[in-house]
Amino acid sequence: MKWPSRIWVIGCGNMGGAILQAWLDNEAPKENITVIKPRTSALPGGLISQPEYPQDGPPDLVLLTMKPHQLADVALELAPLIGGNTILVSVLAGTETDILRGVFPKAKTVVRLMPNMAVTVGKSPMLLIAENDDSALHSQMNAMFSPLGPPEWLENEGQMHIATALSGSGPAFLFRFIDALSVSATELGMEKEQSLRLARAMVEGAAILAVRSDEDPGTLANQVASPNGVTRKGLDVMDNDERLNALLYDVLNAAMKRNMEMAEEAKS
């Protein structure tokens, strides 16, 4: 792909560093990338961050990866340097496009991006929403971010709340599930380290099967379970009064509501 000539990455913590590493792994020219952080530090690919913004012309693309509460302070210095052809991409949780447009009025377009921590292994869904339905922009964003995981464009910004709860926060919920499997097996008599190894390996294999199968996960679960067998007895506990569905509804609803609250806080 043709990389933007002038890419500015603002922040570059864990998420920004993972994105930067994926770009470099996919032959993004290091000389095209400038990382701005308050303190000078070493970064992937031998890049060095700098505290000052370049003063030799506007960037082609800006990636905002700092904390959401830092937006106003960052905008004071950055906004005057944005040009009419600058694409602004933000991974700031709860910060909607109208807020970003308000603080960066000169940007060509604003894109929100919501990855999860699986970017470090190239397996994060890359949730995307843009101000307009520009096919060329979509193609460019897909090319730049697909090395970190499959791009998933949302129809409207309202979907970002539940999508963030499911995809952005989802790894934490799954990690907790794996931990609970291991803890429960240990309480039932298995050695702790072995129970954790088995839980991790089982989830990895089951996830690969779920992704590769043409069947939906509910059908796959039923295919594993024989009538009155071992698996069916366990599923009966999960299915009783829709126990598992109710729990996960509450989990996602709580996360979604917090994301909505953060969006409102960003506006105040």
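Before you click on anything, one term: a residue is called buried when its relative accessible area is under 20%, exposed when that value is over 50%, and partly exposed in between, using a 1.4 Å probe and protein chains only. By that yardstick, 39% of the 268 residues of the protein chain are buried.

What you have open is a predicted model, in which local features need pLDDT of at least 70 and side-chain atom pairs count only at pLDDT 80 or more, while totals for chains, interfaces and linings use all residues. Numbering starts from 1 along each chain as its sequence is written, and side-chain values use heavy atoms, with hydrogens and water left out.

**Stop 1: the whole chain**

Start with a cartoon view. You should find 10 helices and 7 strands in the protein chain; these are DSSP runs numbered from the N terminus, with helices being H or I of at least four residues and strands being E of at least two. The C-alpha trace spans about 70 × 40 × 35 Å along its principal axes.

Now turn on the surface. The protein chain exposes about 15,300 Å², and carbon and sulfur atoms supply 55% of that; the area comes from the Shrake-Rupley method with a 1.4 Å probe, and for residues only the protein chains shown count as cover.

Colour by charge next. There are 22 positive and 32 negative side chains, with the centres of the two sets 5 Å apart. Lys and Arg count as positive and Asp and Glu as negative, leaving His and the chain ends uncounted; each charge is placed at NZ of Lys, CZ of Arg, CG of Asp or CD of Glu.

One last overview number concerns contacts, meaning heavy atoms within 4.5 Å. Among contacts in the protein chain with a separation of 6 or more, 59% are between residues 24 or more positions apart.

**Stop 2: two domains**

Colour residues 7-153 as domain 1 and 162-264 as domain 2; these bounds come from an automatic or database domain assignment. The contact takes 9 residues from domain 1 and 9 residues from domain 2. Taken over C-alpha atoms, the domain centres are separated by 32 Å.

The size of an interface is often given as the accessible area lost when the parts come together. Here, domain 1 and domain 2 bury about 720 Å² between them, with 66% of it on carbon and sulfur atoms; buried area is the accessible area (1.4 Å probe) that two parts lose on being put together, summed over both. Select Gly94, Asn116 and Leu127: in domain 1 they lose the most area to domain 2, together 50% of what that side buries.

**Stop 3: strand β5**

Select Thr109, which sits in strand β5 (residues 109-114). Thr109 counts as buried because its relative accessibility is 5%. Show what surrounds it: beyond residues up to four places away in sequence, Thr109 touches Thr86, Ile87, Leu88, Arg101, Glu131, Asn132 and Leu137.

**Stop 4: helix α1 and Pro44**

Move to helix α1 (residues 14-25), where you will find Gln21. With 31% relative accessibility, Gln21 is partly exposed. Then pick Pro44, in the loop between β2 and β3 (61-64). Setting aside neighbours within four places in sequence, Pro44 is in contact with Gly17, Leu20, Gln21 and Leu24. Try the distance tool on the C-alpha atoms of Pro44 and Ala22: they are 22 residues apart along the chain and separated by 9.5 Å.

**Stop 5: two loop residues with positive phi**

Most residues other than glycine have a negative phi, and most peptide bonds are trans. Glu27 has a positive phi of about 70 degrees although it is not a glycine. Look for Glu27 in the loop between α1 and β2 (33-36); at 69% relative accessibility, Glu27 is exposed.

Jump to Asn228, which also is not a glycine and has a positive phi of about 60 degrees. Asn228 lies in the loop between α8 (217-224) and α9 (230-239), and its 63% relative accessibility makes it exposed.

**Stop 6: helices α6 and α10**

Finish with Phe173 in helix α6 (residues 170-187). Phe173 is partly exposed, at 30% relative accessibility. Not counting residues up to four places away in sequence, Phe173 touches Ala165, Val251, Leu252 and Ala255. The C-alpha atoms of Phe173 and Leu252 are separated by 9.4 Å, with their positions 79 residues apart along the chain.

For a last selection, choose Ala246 in helix α10 (residues 243-267). Ala246 is partly exposed, with 38% relative accessibility.
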